[in-house]
Amino acid sequence: MTAGPSSGSDFTVYDNIVFANGSADSLLLKNCEDLTAGKLAYIRAKNHLALAGALPKTMSIDIVVGGHGGEGILRNEMNLLSSLAKDEDITILGGTSRYLGDGKDYLVNISMTGHFKDVTFVQDKKIKAGMKLIMAGVTAMLGTSLLKNAFYEELRGRFSESYIETMGYPFDTVDISKMAEIARDKAVAMHDISNGGVYAAVYQITDTANLGITLNHDMIPIDQPTIELCEYFGINPYQLLATGGLLIAVDKENEEALLDAYNEAGIIARTIGVFTKEKERLVISDKFYMRRVLTPNSFDDIEMKLC
């Protein structure tokens, strides 16, 4: 069994071993006490394994630190990652660390291998025209949380503290393992939502499928505090960092069963689109009288504020 990566595929399989990566940059994690670049990279790598129905077994760690970052960063991240790996019985094979440039920020990349829980391999299936696209989770989960943390004092000048607290989500919600497990026996394909937001993820999964899509903008799950936060900063929530969300392609006959399963688990999920033979990626909205074509976007709107 072999499968290679692509823009909408998050892992590689060779000889029944799953390979996946996760990376994160400290530049985006300002004022975050509960989430480090190492922990986020770790969760992202686990997320990618979960999409294949695989459990993590080994990992390697690569950390690049700015010249003024100090050894404390390396020590703290390695201690944290060692603890996480021990808790989940993951063997650390090794890693590298190096200093680059003059800043204090740093980048962590985690390479993981995993083994299938069973013979199910969801990405062996092929997305076809007429299949539905379901989104689990809500828009811009991580991006909203990071903006709230980084600009809390500024936001107090516009919103009440009680309302600010409704913006963002607990950082443990970026782990999509449970979402992927619920969908695994019903999904044709899955793709996590991350950099570039919902729109980028939709473009990627259609690119991999070599299909188009009619995307119902009005059905994309989004919370009102997220809308207001993004309006305040003048950014597009659908192009905002969204680690913690998941896209699932399903046959029509499995659509309602999967939505019911997510509802029973207390997870927000909606059908947001249908795949089409035409390669056009069309975004429509009755609410906003919108009809436009989705184009590739390598830029995440969070970079406008935190980079």
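This report walks through the strands, helices, salt bridges and aromatic pairs of the structure above.

The model is predicted, so local features need pLDDT of at least 70 and side-chain atom pairs count only at pLDDT 80 or more, while totals for chains, interfaces and linings use all residues. Residues are numbered from 1 along each chain as its sequence is written, and side-chain values use heavy atoms, with hydrogens and water left out.

**Strands**

A note on labels: helices (H or I, at least four residues) and strands (E, at least two) are DSSP runs, numbered from the N terminus. Two strands pair if DSSP finds at least two bridges between them.

Let's start with β3, residues 17-25. In a regular strand the side chains alternate between the two faces of the sheet. That pattern shows up here: V18, A20, G22 and A24 point to one face and are buried, while I17, F19, N21, S23 and D25 point to the other and are not. Buried means under 20% relative accessible area, exposed means over 50%, and partly exposed is in between (1.4 Å probe, protein chains only).

On one side of the story is strand β2 (residues 12-14), which runs antiparallel to β3 and is joined to it by three bridges. Y14 has I17 of β3 as its bridge partner. The hairpin of β2 and β3 has two residues between the strands, and D15 there takes a positive phi near 55 degrees.

β3 also pairs with strand β6 (residues 106-116), antiparallel again, over nine bridges. Here F19 is partnered by T113 in β6. Strand β4 (residues 54-65) pairs with β6 too, in the antiparallel sense over 11 bridges, and I63 has V108 of β6 as its bridge partner.

Which strand pairs with β4 in the parallel sense? That is β5 (residues 91-99), with eight bridges between the two; I61 stands opposite G95 in β5. Put helix α2 (residues 71-87) together with β4 and β5 and you get a right-handed β-α-β unit. Right-handed here means that, with the strands pointing away from the viewer, the path from the first strand over the helix to the second runs clockwise.

**Two mostly covered helices**

Helix α3 (residues 141-150) has nine of its 10 residues buried. Those buried residues pack against α1 (37-51), α4 (152-155), α5 (161-164), α8 (224-233), β10 (245-250) and α10 (303-306), where contact means heavy atoms within 4.5 Å.

Helix α7 (residues 197-209) has 13 residues and reaches 19 Å from its first C-alpha to its last, close to the expected 18 Å. The expected span is 1.5 Å times one less than the number of residues. α7 is mostly covered as well, with 10 of its 13 residues buried; among them are Y199, Y203 and I205. Just after α7, N210 takes a positive phi of about 60 degrees.

**Salt bridges**

Side chains of opposite charge can pair when their charged atoms come close. The rule used is a side-chain nitrogen of Lys or Arg within 4 Å of a carboxyl oxygen of Asp or Glu, and the count comes to 10 salt bridges. Three of them are in the table.

| Pair | N to O distance |
|---|---|
| K148 and E165 | 3.6 Å |
| R156 and E161 | 3.1 Å |
| D185 and K186 | 3.4 Å |

Salt bridges that share partners also join K46, E88 and D175 into one network.

Is K148 buried or exposed? K148 is buried, with a relative accessible area of 12%, whereas E165 is partly exposed at 47%. R156 is partly exposed, with a relative accessible area of 40%, and E161 is also partly exposed at 40%. D185 is exposed, with a value of 58%.

**Aromatic pairs**

Rings of Phe, Tyr and Trp (its six-membered ring) pair if their centres lie within 6.5 Å; planes under 30 degrees apart count as stacked, over 60 as edge-to-face and the rest as tilted. The whole structure has five aromatic pairs. In one of them, the ring centres of F151 and F233 are 5.1 Å apart with planes at 55 degrees, so the pair is tilted. This pair links distant parts of the chain: F151 sits in the loop between α3 and α4 and F233 in helix α8, 82 residues apart. F151 is buried at 16% relative accessible area, and F233 is buried at 10%.

F159 and Y232 form an edge-to-face pair, 6.0 Å centre to centre with 70 degrees between the planes. F159 lies in the loop between α4 and α5 and Y232 in helix α8, so the pair ties together parts 73 residues apart in sequence. F159 counts as buried at 11%, while Y232 counts as partly exposed at 25%. F151, F159, Y163, Y232 and F233 form one aromatic cluster.
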